[in-house]
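This briefing covers the salt bridges and part of the strand pairing in one protein chain. Please keep the sequence and the 3D view open while reading.

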Amino acid sequence: MTLKYYHAEPLANSLKSMIPLIEKGLPWQSIYVDLHKFEQHEPWFLAINPEGQVPVLDHDGVMITHTTVINEYLEDVFPEVPLRPRDALGAARMRYWNKFCDEQVMNYVSMHGWHRMVGIIARSVESGEFERLMERIPLPDQRTKWRTARSGFGEKDLAYARPRRFSTRSTRSRSSSARPPGSQAMTTPSRTSISSPCAVCPWSACFRSWRSASAVLGSSRGESGCGRAPR
Ligand SMILES: N[C@@H](CCC(=O)N[C@@H](CS)C(=O)NCC(=O)O)C(=O)O
C-alpha cells in the first residue's frame, strides 16, 4: 500500500488533509508542489489533478481530491484510529462544522491570504508571462482569482471577509450578522442541535487537528487549541 500526498506549505488546505495522515499514523510520502513556481498548472500535475489544485492524495495510483473528501476517504479506508464521531449525531455535527469551514472560513481566510500573499507571487511575474500562465489554469474561477490577486481584491470584498464574531453557545443570543451560515433554522437552543458547539469551544472537534498542526509546524504537541478533550 502506498500513499502519496501532493501538497504546498502545510497551511490551510494542504494542512487539512495532512492532519489525519499524521493522526492515523499512516506511512505517506510527501510531494511538495511549489505554488510560487505555478507547478500546480504544469502538465505533469494536471495529469494528477485536472483541476490544478493541491492537495491530492494518491492511494495506490487512485487520486482523491478536495480536503473534505480526502479526510472522509481516509477515515473510511483506515478506520483503525478513528477521527470521525461514530454516532450519527456526532458525525452530523462534524459535517456541519466542516461545511461551515469549507464554505465560509476557508473562503474568507483564503481571500485575505490571496490578497496579501498570492498577490505578491502574481505581481512578481511580468505581464506577458502572467497571461501565459493564466492560460494554463483549468478552472475559470481560479483564473479570475489569480487575476484579482494580481490587481488586488476590493475593499468591500475584504471587509466582508473579515472575521465576524458569533456566539459559541447556542443558548446565547446571536446577532443576525453573526450567525454561521444556515444556522437560523438549526440553532434552536437545544442540546442536540448539530450546530450547537461543544460546551468547551466551537472547534472542539478540531482539538486533535490543533495538536497535529503543532507537530507539523514544529511546536510541541498539545500546546495549541483549548487543551481539553473533545466530547
Ligand atoms: N476545495 C479544495 C480547495 C483547494 C485549494 O484551494 N487549493 C489551493 C491551495 S490552499 C491551490 O491549489 N491554489 C493554487 C491555485 O488554485 O492555482 C480542497 O478542499 O482541497
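The points below go through the salt bridges and then the strands around β3.

The model is predicted. It holds ten salt bridges, three of which are described here with their distances. Strand β3 pairs with β1 and with β4.

**Salt bridge between Glu72 and Arg84**

- The side chains of Glu72 and Arg84 form a salt bridge, with 2.5 Å from N to O.
- This pair links distant parts of the chain, since Glu72 belongs to helix α3 (residues 67-77) and Arg84 to the loop between α3 and α4 (88-123).
- Twelve residues separate Glu72 from Arg84.
- Glu72 and Arg84 are both buried.

**Salt bridge between Arg132 and Glu129**

- Arg132 and Glu129 meet through their side chains in a salt bridge of 3.0 Å, N to O.
- Both residues sit in helix α5 (residues 127-135), where they are three residues apart, about one turn of the helix.
- Arg132 counts as partly exposed because its relative accessibility is 44%, which lies between the 20% and 50% limits.
- Glu129 also counts as partly exposed, because its relative accessibility is 28%.

**Salt bridge between Glu155 and Arg162**

- In the salt bridge of Glu155 with Arg162, the closest N and O atoms are 3.9 Å apart.
- That distance still qualifies because the cut-off for a salt bridge is within 4 Å.
- Glu155 has a relative accessible area of 56% and is therefore exposed, the limit being over 50%.
- Arg162 has a relative accessible area of 37%, so this residue is partly exposed.

**Salt bridge network**

- Glu72, Asp76, Arg84 and Arg95 are joined into one network by salt bridges that share partners.

**Strand β3 and its partners**

- In a regular strand the side chains alternate between the two faces of the sheet.
- In strand β3 (residues 56-59), Val56 and Asp58 point one way, while Leu57 and His59 point the other way.
- All four of these β3 residues are buried.
- Strand β1 (residues 3-7) runs antiparallel to β3, and four bridges pair them.
- Strand β4 (residues 62-65) is also antiparallel to β3, joined to it by four bridges.
- Leu57 has a partner in each neighbouring strand: Tyr5 stands opposite Leu57, and Ile64 is the bridge partner of Leu57 in β4.
- The hairpin of β3 and β4 has two residues between the strands, and Asp60 there takes a positive phi near 50°.

Terms used
Residues are numbered from 1 along each chain as its sequence is written. This is a predicted model: local features need pLDDT of at least 70, side-chain atom pairs count only at pLDDT 80 or more; totals for chains, interfaces and linings use all residues. Side-chain values use heavy atoms; hydrogens and water are left out. Buried means under 20% relative accessible area, exposed over 50%, partly exposed in between (1.4 Å probe, protein chains only). Two strands pair if DSSP finds at least two bridges between them.
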